[in-house]
Amino acid sequence: MSIAAEASEPVFTAFKTARPDQWVKGVTGDWEIIVGMEVHAQVAAKAKLFSGASAAYGGEPNSHVSFVDAGMPGMLPVINKYCVEQAVRTGLGLGAKINLWSRFDRKNYFYPDLPQGYQISQYLYPIVGQGVLEIESDDKSTIEVGIERIHLEQDAGKSVHDLDPNATYVDLNRSGCALMEIVSKPDIRSPEEAANYFKALRSLVRYLGTCDGNMDEGSMRADVNVSVRKPGGELGTRCEIKNVNSTKFVAMAVAYEARRQIEILEDGGTIDQETRLFDVKTGQTRTMRSKEDAHDYRYFPDPDLLPLVITQEFVDGIKATLPELPSDKRKRFIADYGLSAYDAGVLVADKEFSDYFEEAAKGTDAKMVNSWMTVELFGYLNKNGIEFTASPVSAQNLGGLVKLIQDGTINGKIAKDVFAKMIESGDDASTIVERDGLKQTTDTGAIEAAIDALMAQSPEKVDEAREKPKMLGWWVGQVMKSTGGKANPAIVNDILKRKLGIE
Ligand code: MN
């Protein structure tokens, strides 16, 4: 072996600073929740990890299956270089160590959807070593979660139990698809952090294009390891909750499981290390099987595959094509656009949001764009169940609307009407303002005339306002009404104050 390889057994490292705000109360006092996650992310590749069969989602059962995926005797696996590149790319996105020498092992177990009788995985020598992912904590601050490793492995097929009351069918379309198993360190401390970790990881792989992140299609599944301990005490026994497939369910599973363990321990019981399932209908976890240890799988190097050796040039070539990552973009949005950390976080969570924002904010007030986008546009889309990518208002058109507010062509109130018309017609703001005569009146003469007319109509209100300066608001409202909302509110204010003698 020319390049020294480092064996890496999963290590559970020292924990970070205690965060008492996240402890949970039990009858015997505080408990700390400890969570580590193993996320299986399917590589967005056309072909499988060791065969040329299609890795596309769906399709007629057993139509995307080569002899390799069916586990036929004598078939030999051939590694898909594209999948290797995606694992490296994901590792680089996590700032992780890339191992130039890694190895595939057989993980032996029997299951009807696993015709080979073993899964080809990486056990002691994964392709990606330690890295880090920034996530949001409960108090909206940013914390770092350590990444232990990423290894490449094959997916299994699928057992179909609900087609026939007396039989189970097997669909091998998924068999052999490439998975990246991304293992975190147990740095997560609450249900929300667990959900935020899953969200941040999904956002990252989507930025990188290494996984499509479609949880409904099973492209990302989380195995969530939960244990509890008294703050500062010994680490408790953990339970692993398998295949949780949404951020909401991750939070629910952690919350339920932690509470279950605390109750058992406070009753004087002990936690059995086991694999559990999360039931989405009840929000509870239940026993699936007692946990296997690594030795149960009889791991050994796959004799059909040579060690995977890549070069530093190969890694550097991939590094050169990395896009700006969410954590860097977030920092740039705060520095360049003056957004709050929270607003920047919302925008970078999805690459489509941040692309739209940057397009709309070109040459105009970025904070105003952010607020129109996240309040008005998101509000409209959520209320009507419309996907962001199907927004009836383009980025250019939202930017155009903000420009009209900024340069005083329309005021904020009229802008809301214009926005509603933009949604309806798809037209840009200038066209609508021009067509419907919505331009703000800054003509002081006209505004003054409107005010004089109103004052002549209600002299008693004039006297009242001279006594009670709070009446100014009522007067502004009257003037805006009489000018069809088009008067410039600042000018209206100035003239009214002067005429009513209000300081
Ligand atoms: Mn796995």
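What follows is a short conversation about reading this predicted model.

Biologist: What should I know before I start?

Modeller: This is a predicted model, where local features need pLDDT of at least 70, side-chain atom pairs count only at pLDDT 80 or more, and totals for chains, interfaces and linings use all residues. Residues are numbered from 1 along each chain as its sequence is written, and side-chain values use heavy atoms, with hydrogens and water left out.

Biologist: Let's start with the metal. Which residues are the protein donors of the manganese ion?

Modeller: Donors are N, O and S atoms within 2.8 Å of the metal (3.2 Å for Na, K and Ca); water is not among the atoms, so sites may look incomplete. Here they are His-40 through NE2, plus Glu-153 and Glu-181 through OE, at 2.0 to 2.2 Å from the ion. Along the sequence, the spacing reads H-x112-E-x27-E. Glu-153 sits in strand β7 (residues 142-154) and Glu-181 in strand β10 (residues 178-184), so this pair ties together parts that are 28 residues apart in sequence. Those labels come from DSSP runs, numbered from the N terminus: helices are H or I with at least four residues, strands are E with at least two.

Biologist: Are Glu-153 and Glu-181 buried or exposed?

Modeller: Buried means under 20% relative accessible area, exposed over 50%, and partly exposed in between, using a 1.4 Å probe and protein chains only. Both Glu-153 and Glu-181 are buried.

Biologist: Now a sheet. What is the order of the three strands in the open sheet?

Modeller: Two strands pair if DSSP finds at least two bridges between them. In this sheet the order is β5-β4-β15, with antiparallel pairing. β5 and β15 (300-301) are at the edges with a single partner strand each, so one side of each has no neighbour in the sheet. Strand β4 (residues 105-108) pairs with β5 over four bridges, and with β15 over two. To find your way, look for Lys-107, whose bridge partner in β5 is Gln-119, and Arg-106, whose partner in β15 is Phe-300.

Biologist: And the faces of a strand?

Modeller: In a regular strand the side chains alternate between the two faces of the sheet. Take strand β5 (residues 118-121): Tyr-118 and Ile-120 are on one side, Gln-119 and Ser-121 are on the other, and all are buried.

Biologist: How do I read a core? Which residues touch the most other members of the largest one?

Modeller: In soluble globular proteins, nonpolar side chains tend to be buried together. A nonpolar core is a set of buried Ala, Val, Leu, Ile, Met, Phe, Trp, Tyr and Cys residues joined through side-chain atoms within 4.5 Å. The largest holds 66 residues, and Met-37, Tyr-197 and Ile-310 touch the most other members. Helix α2 (residues 191-208) gives the most to this core, eight residues. Another core, apart from that one, has 37 residues, among them Ala-361, Leu-401, Ile-432 and Leu-438.

Biologist: What does Ile-310 touch?

Modeller: Contact means heavy atoms within 4.5 Å. Leaving out residues up to four places away in sequence, the contacts of Ile-310 include Val-84, Ile-98, Leu-100 and Val-315.

Biologist: Let's try a helix. How many residues does α10 have?

Modeller: The expected span of a helix is 1.5 Å times one less than its number of residues. α10 has 14 residues and reaches 20 Å from its first C-alpha to its last, close to the 20 Å expected. Its buried residues include Ile-414, Val-418 and Met-422, and what covers the buried residues includes α8 (366-384), α9 and α11 (429-435). After α10 comes Gly-426, with a positive phi near 75°.

Biologist: Which residue caps the N-terminal end of α10?

Modeller: A polar contact is a pair of N or O atoms within 3.5 Å; within protein, one must be able to donate a hydrogen and the other to accept it, and residues adjacent in sequence count only if both atoms are side-chain atoms. Asn-411 is the cap, with a side-chain oxygen 3.1 Å from the backbone nitrogen of Lys-413. Asn-411 is in the loop between α9 (395-406) and α10 (412-425), and counts as buried at 6% relative accessibility. Its side chain also reaches the backbone oxygen of Gly-485 at 2.8 Å.

Biologist: One more loop residue. Which side chains make polar contacts with Ser-51?

Modeller: The Ser-51 side chain meets those of Ser-66 at 3.3 Å and Asp-69 at 3.0 Å. Ser-51 lies in the loop between β2 (29-42) and α1 (81-93), and is buried, with a relative accessible area of 10%.
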